[in-house]
Amino acid sequence: VALPLECPTQCGYNFCTNCITHLLESSKDDYQEASDGNRHVKVKLVCPQCRGDLKATIEKTLEGRKSMRAEVFQDVVDSELGASELRIKYDSPERNKMMCKQIQEKKEKEQPAFIDSVLFQGLEFAMSESEKEFVGQLLISGDADQLAQAAQILHGIGELLRMGAIPPNTNDRMPSYGERIASPPSRVRGSTAESRALAMARTGEQKRLQQELKDLENHKKLHPLPARMPRFCVLTEPFHPKRPTLVFADDEWDGSIADAFSRVHVSNSKKKKKKGIPDGAQNLLNTADEENLSDPQPRVVVQSVRGPAGKMGIQKGDVVTHVNGERFQGNAEQMTQQAQQILAEGLPLQFVVNAEPCTAEALRLRSIVKKKNRY
């Protein structure tokens, strides 16, 4: 017999395929009912001859036999096979696994693109769905350079919006929870009973919206954004010799992903302090394969900011990562000299802050957790 039963004692006893199937089905029941109505303890997967334990091998034997039977009909056209033969052909374990994989892949393709509007810095109402999908994929790619590209695109959308080149989609934009809760109730004409009923309905709506707002805040705590989000900035005016727009300081990244959730504060004495990591961020970090992405590396942070840079959202503790489209690798003195040279030549200084490997990886982990919770 092909693929005989693998008894641990090698007693030589064998089952036919149908007997193995019935034995497996019976073993899944808690009790077995006899013809007289009495219930007996369930059937155990043991050899009838030597009482050897068959749990580890009996299912493997059954799958092997089904696969061998199915191979006979794999090259035969379905129209030439009978019902029982078709059942054998498509009942093989390999065929079932392949069909399950195809069904899973089809479901994944049918799922709508995951778009997290929280990442777009309040510009989502001025972006098309394709823009949201493209920029969103850049932000959760886990790549620092793609993070810088996304920051530049968002900056461009913001500039066009301020110039009026992109009309905001105010017709499509839903009012925020705060706006709907704070909106004054409109006057309603009618009887006192109708007014009272409408007032109660509005009160219920406000309570529901307040609960939604509370749920949203709790959701943000569970899925926090990194403390330093990437931002693109353009400066055109040269630095003032006594009061420069930006002052840079040398710092060191410890190589951890957790660094993305703590803002660095560098004082004039060059002492740095980091805030603690929120609980929600720790839950995200627990999903990472490793705590550190690399060995400690030097970096340049913003020590002080004033004027145009501050108005564009640059903050103390931001990490300079890209200058004029290239990844910056240097110290604070080199960054200052490069910025002054570019601006002295009458060229714009374009730079990106916080497009770091730790921020990119933190956003990628956050998207994975959110997708799991969503589906």
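Buried means under 20% relative accessible area, and the close-ups below lean on that cut-off for this predicted model.

**View 1. Thr245, tucked into a loop as a buried residue.** Thr245 sits in the loop that links β3 (231-235) with β4 (246-253). Its relative accessibility comes out at 12%, so Thr245 counts as buried. Setting aside neighbours within four places in sequence, Thr245 is in contact with Leu235 and Phe239, and also with Ser304, Val305, Arg306, Pro308 and Ala309.

**View 2. Cys11 and Cys47, a cysteine pair without a bond.** A disulfide would need the two sulfur atoms within 2.5 Å. The cysteine sulfur closest to that of Cys11 belongs to Cys47, but at 3.6 Å it's too far for a bond. By that rule, the disulfide count comes to zero. As for its surroundings, Cys11 has 25% relative accessibility, so it counts as partly exposed.

**View 3. Cys19, also in no disulfide.** Here the nearest cysteine sulfur is that of Cys16, 3.1 Å away. Cys19 has a relative accessibility of 36%, so this residue counts as partly exposed.

**View 4. Helix α2, with its span checked end to end.** This helix covers residues 58-71, which makes 14 residues. At 1.5 Å a residue it should span 20 Å, and because its end C-alpha atoms are 20 Å apart, the model agrees with that expectation. Which residues of α2 are buried? They're Ile58, Thr61, Leu62, Arg65, Ser67 and Ala70.

Definitions and conventions. Residues numbered from 1 in each chain as written. Predicted model: local features only at pLDDT ≥ 70, side-chain atom pairs only at ≥ 80, totals over all residues. Heavy atoms only, no water. Helix = DSSP H or I, 4+ residues; strand = E, 2+ residues; numbered from the N terminus. Buried < 20%, exposed > 50% of the residue type's maximum accessible area, 1.4 Å probe, protein only. Contact = heavy atoms within 4.5 Å. Expected span 1.5 Å × (residues − 1).
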